[in-house]
Amino acid sequence: MRALLFLPVFAFFVSGFSASVEAAPTSYTLTETGSKLYVQIFKKRGGAASGLAHDHVVLATGWTGSVTWDPENLSACSVSFSLPVSGLSPDTTAMRTHVGYNSRLSPSNQKKVKKNMISLTQLAQEYFPTITYQSTACAGTGENITVTGNLTVRGQAKALSVPMTISADGSSFKAKGTFKATHDDFKFAPYTAMGGALRNDNEMRFTVDVVGTAQ
């Protein structure tokens, strides 16, 4: 008789254990195919030579990223990226069209922008070859999630809280959001030329639009 009474209790604990296993966070590998990570850098309006300058868009390539995600337990979330500075691709025609810029830059001008961008006064690729991001917390409800973490550029970490739209089904993952940061946040000045008559704005706009698959 005691054995018969024990069986329902045993079944309850087994089913509860199975549910907890099924609810474990899912790990996703983010894929460059189908994703876009980019930053827009704007010219300083009103300068003496602003008519000669361009707004820029820089696409990240060659990056890697991963996400650990459980919509029922946001404390378990983890998001990380690693981007090689050498893989930053400025002002391609496709990306300038994507963000709505009307002007186009020639391949030679794209190379000049890249050279300036990785120079010692800017991203200093020689000393800081990698840009990284690591989350520290996630909060929100449904698909509207604020992801907080540290973006490290040029060796300087900046804490950011980014509103994201996130969806995941256990096999695929999607996330999209935008945020702003400044050159000052990473301890370097915006690019200038012609004695300062031509310069970039301090503020930059970052866009994260990524997809991933379960590991």
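# A tour starting at D55

Select D55. Leaving aside its neighbours within four places in sequence, D55 is in contact with I41, F42, K43, R45, D91, R96 and Y101. This is a predicted model, so treat each stop as a place in a prediction.

**Stop 1: around D55.** Find D55 in the loop between β1 and β2. Is D55 buried or exposed? Its relative accessible area is 13%, so D55 counts as buried. Now show the backbone of K43. The backbone nitrogen of K43 lies 2.9 Å from a polar atom of the D55 side chain.

**Stop 2: R96 and D91.** Stay with two residues that D55 touches: D91 and R96. Their side chains meet in a salt bridge, 2.7 Å from N to O. Both R96 and D91 are buried.

**Stop 3: D201 and K44.** Select D201 and K44 together. They form a salt bridge, and the closest N and O atoms are 3.6 Å apart. The pair links distant parts of the chain: D201 is in strand β11 (residues 198-214), while K44 is in the loop between β1 (26-43) and β2 (56-60), 157 residues apart. Are these two residues buried or exposed? Neither word fits. D201 has 24% relative accessibility, so it counts as partly exposed. K44 has 39%, and K44 also counts as partly exposed.

**Stop 4: K158 and D185.** Next, select K158 and D185. Their side chains meet in a salt bridge, 3.6 Å from N to O. This pair, too, links distant parts of the chain: K158 sits in strand β8 (residues 156-168), D185 in the loop between β9 (172-182) and β10 (192-193), 27 residues apart. K158 is partly exposed, with a relative accessible area of 27%. How many salt bridges are there in total? The count comes to five.

**Stop 5: the largest core.** Hide the charged pairs and select W69, F81 and L151. Of the 40 residues in the largest nonpolar core, these three touch the most other members. Strand β1 gives the most to this core, with five residues. In soluble globular proteins, nonpolar side chains tend to be buried together.

Zoom in on W69. Which residues is W69 in contact with, leaving aside its neighbours within four places in sequence? They are P25, T26, Y28, L74, C77, C138, I145, I166, A168 and F173.

Apart from the largest core lies another core, of six residues. Select Y38, F42, V57 and M95, which are among them. F42 is familiar from the start of the tour: it is one of the contacts of D55.

**Stop 6: helix α3.** Select residues 107-117, which make up helix α3. Within α3, Q110, V113 and M117 are buried. Look down the helix axis: the buried residues fall within an arc of 60°, so they line one face of the helix. What covers them? The cover includes β2, β5 (88-90) and α2 (93-98). Now turn to the other side of α3. There K111, K112 and K115 are exposed.

**Last stop: the whole chain.** Zoom out and colour by secondary structure. The protein chain has three helices and eleven strands. Along the sequence they follow the pattern α-β-β-β-β-β-α-α-β-β-β-β-β-β. Switch to a surface view. The chain exposes about 12,000 Å², and carbon and sulfur atoms supply 57% of it. Buried residues make up 36% of the 215 residues. Finally, consider the contacts with a separation of 6 or more: residues 24 or more positions apart account for 61% of them.

How values were computed: Residues are numbered from 1 along each chain as its sequence is written. This is a predicted model: local features need pLDDT of at least 70, side-chain atom pairs count only at pLDDT 80 or more; totals for chains, interfaces and linings use all residues. Side-chain values use heavy atoms; hydrogens and water are left out. A salt bridge is a side-chain nitrogen of Lys or Arg within 4 Å of a carboxyl oxygen of Asp or Glu. Helices (H or I, at least four residues) and strands (E, at least two) are DSSP runs, numbered from the N terminus. Buried means under 20% relative accessible area, exposed over 50%, partly exposed in between (1.4 Å probe, protein chains only). A polar contact is a pair of N or O atoms within 3.5 Å; within protein, one must be able to donate a hydrogen and the other to accept it, and residues adjacent in sequence count only if both atoms are side-chain atoms. Contact means heavy atoms within 4.5 Å. A nonpolar core is a set of buried Ala, Val, Leu, Ile, Met, Phe, Trp, Tyr and Cys residues joined through side-chain atoms within 4.5 Å. The arc is that of the directions from the helix axis to the C-beta atoms. Accessible areas come from the Shrake-Rupley method with a 1.4 Å probe; for residues, only the protein chains shown count as cover.
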